[in-house]
Amino acid sequence: MNSQTHAPKPYWNSYWAGFGLGLVLLASFVIMGRGLGASGAFTTAVATAVDTVAPTHAANNAFYQEYLGDGTTNPLMDWLVFEVLGVFVGGFLSGVLANRLSLSIEKGPRIASGRRLLFAFIGGGLMGIGAKIALGCTSGQALTGGALLNVGSWAFMWCVFGGAYAVAYFFRKQWI
Amino acid sequence: MNAPFYKFGLFGDQVSFIIAFVIGIGFGFFLERAGFGSARKLAAQFYLRDLSVLKVMFTAIITAMTGLYVLSRFGMVDLSLVYLVPTFLIPQIVGGLLLGIGFVIGGYCPGTSCVSAATGRIDGMVYVAGMIAGLLGFGEVYPHIVNFTHMTSMGQITLPTLFNLPYGLLVFAVVLMAIGAFAAGEWAEKKFGGKEPDAEGALIGSSRRLTPVRALALGLAVVGLFAAFGGNPYRGSHTTIDTKDLAMRVSRGVDAIQPEQLANWIIQGRNDYRLVDLRAPSDFASYHIPSAQNVPIVSLTPDFAAHNEKILLCSNDSTDAAKAWFLLEAQGFKNVYILNGGVQEWKDSVLFPKKPQGTVDMAFEKKAQVARYFGGTPMTANAGSSATIPEPLPAIAKPALPALPATSSSTARPHKKKEGC
């Protein structure tokens, strides 16, 4: 084995990766009558955790209730939960095949690891809140709703880009 | 071909989970192939150095959009059965801005963070932990912001409906916009990222050769052009009835909405549902519940509303509404409810609620407030027989009254889980 076989392979061309993603989304529309999602699965997990720890508290909260269902089925037996499990597996498989698995931190050269992880946590938190206010994240709203010409999804999509470009300057040291 | 397959009952929930897993694998695979497991690559989008996010996202959108258009145009997919997230404009704008800011700070979006974590990126794992904390935080404050999350509701609405333009024309416009954005993106990558577009991977460039990538863009543009003149996609009317499921739901009464709950919806300003009053026009004219529309039962044709729109039926009591409920369910409407007890019950329990004699009851004070909101009168138990309703009935116009305290919807659990993200 020489070192070349262990070097990460280059990423795919964006247009072909996007085309593949589009076909997956189309398959989801045709087979299931629904699009892709991500944040919803984590919300189900959070609601289930709250329900386990504090059932009365969860029962009095309409938001958790919406993700827990009527109690006749296990809330974790949910389409999005299985889909997101697949996302982990698919990402892992692709990473293995392209030699891209590595326990590392993605960051620019001008930021310390600890600070980067703090930012990752804060950014994740903001995204969690934003996704629930907007009824979906980049997967469920921008990608899925975009392809369905959904009014709210297009408004959402432009605001994601707008919000990101508006603050990008202040966080440049993290990335470039 | 009857698609979406799941909505036509070709397989059940158990099989759908396997499909979910397989579709998820495809989703994760292509995200990772695109380089979206790397926060640096994703964030480069916002410094105009690498516009992969734009290219991947819009290629995926126009691929799925044109594919769905063609399949529904030729009747293979019933577009009305594909779930559409309802539009709440202001919350979606605010949520979008928050996501954008979170994207730059965190470096991922929820989907890509899964791929990042799965390939060993520690920042991706920490991001997922942060997202879970954010979701929990949102859940805890939700009761206080429920009114905000439901404001500016526009229901399930698409751009063609909003602008009153043919569906296919919008498809074409989005394809053109995307291809324009690709060209602009490649230009920006060259200018800000110092990237020379490689002959094979770019749309613009000195070579005049029809590379595979250019062929892909051309193909999508051709389908888009076809859509511009191709007519409207199919929104079908035929369906199969699962009689056992219908009978079960009738017996469990899961599709009934209590009048008090409807009152809360109206007060909250929710309009993600359509309230259909089935009574005779004369009855409707003398009194109807605010926001109701009068639709005689014979007009409940398959195209009277979108098939996944939430429809709430009311009649004098529950009888006619139950008949109409069955009719709509049989026509493939997916989200039909009955106002329990009909307009009569609405009058008895919302407009003129009766106070149990001799009790001081906080719950009744709230009921009384609701009654006054709708122009009714709260009654004490000894104020006349229960059969008489004071005349005249309140005017239809909603009086301006102070907002009620946020209401908990623990009165009724939704019988189906949320379908969207």
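Analyst: Two strands count as paired if DSSP finds at least two bridges between them. The model discussed here is predicted.

User: What makes S6(B) and strand S7 (residues 336-339) of chain B a pair?

Analyst: S6(B) is joined to S7(B) by 3 bridges. The cut-off is at least two, so they pair. The two strands run parallel, and Leu312(B) stands opposite Tyr337(B) of S7(B).

User: How do you know that strand S4 (residues 273-277) of chain B pairs with S6(B)?

Analyst: There are 5 bridges between S4(B) and S6(B), and at least two are needed. The sense is parallel. Lys310(B) in S6(B) is the bridge partner of Tyr273(B), and Leu313(B) in S6(B) has Val276(B) opposite.

User: Why are S3 and S5 of chain B called edge strands?

Analyst: The open sheet has 5 strands in the order S3-S7-S6-S4-S5 (chain B), with parallel pairing. Strand S3 (256-257) and strand S5 (293-294) of chain B each pair on one side only.

User: What makes strand S6 (residues 310-314) of chain B mostly covered?

Analyst: A residue is called buried when 20 or more other C-beta atoms lie within 10 Å of its own. In S6(B), 5 of its 5 residues are buried. Lys310(B), Leu312(B) and Cys314(B) point one way, Ile311(B) and Leu313(B) point the other way, and all are buried.

User: Which elements make the β-α-β unit, and why is it called right-handed?

Analyst: The elements are S6(B), helix H13 (residues 319-330) of chain B and S7(B). The unit is right-handed because, with the strands pointing away from the viewer, the path from the first strand over the helix to the second runs clockwise.

User: Why are helix H5 (residues 79-97) of chain A and helix H5 (residues 110-118) of chain B described by the word they get for their angle?

Analyst: Their axes come within 8 Å and cross at roughly 50°. Angles under 35 degrees count as roughly parallel and 65 to 115 as roughly perpendicular. The angle falls in neither range, so H5(A) and H5(B) are oblique to each other. The contact is made by residues including Phe88(A) and Gly91(A) of H5(A), and Cys114(B) and Val115(B) of H5(B). The crossing of H5(A) past H5(B) is right-handed.

User: How many residues of each chain are in contact with the other chain, and which helix of chain A gives the most?

Analyst: In chain A, 123 residues are in contact with 121 residues of chain B. H1(A) gives the most to the side of chain A that touches chain B, with 18 residues.

Conventions
Residues are numbered from 1 along each chain as its sequence is written. Chains are lettered from A and ligands numbered from 1 in the order in which they are written. This is a predicted model: local features need pLDDT of at least 70, side-chain atom pairs count only at pLDDT 80 or more; totals for chains, interfaces and linings use all residues. A residue is buried if 20 or more other C-beta atoms lie within 10 Å of its own, exposed if 12 or fewer, and partly exposed in between; C-beta atoms are placed from the backbone. Helices (H or I, at least four residues) and strands (E, at least two) are DSSP runs, numbered from the N terminus. Axes are lines fitted to C-alpha atoms, for helices over the stretch in contact, and angles run from 0 to 180 degrees between N-to-C directions. Angles under 35 degrees count as roughly parallel, over 145 as roughly antiparallel, 65 to 115 as roughly perpendicular and the rest as oblique. A crossing is left-handed if the near helix is turned anticlockwise from the far one by less than a right angle, and right-handed if clockwise. Two residues are in contact if their C-beta atoms, placed from the backbone, lie within 7 Å.
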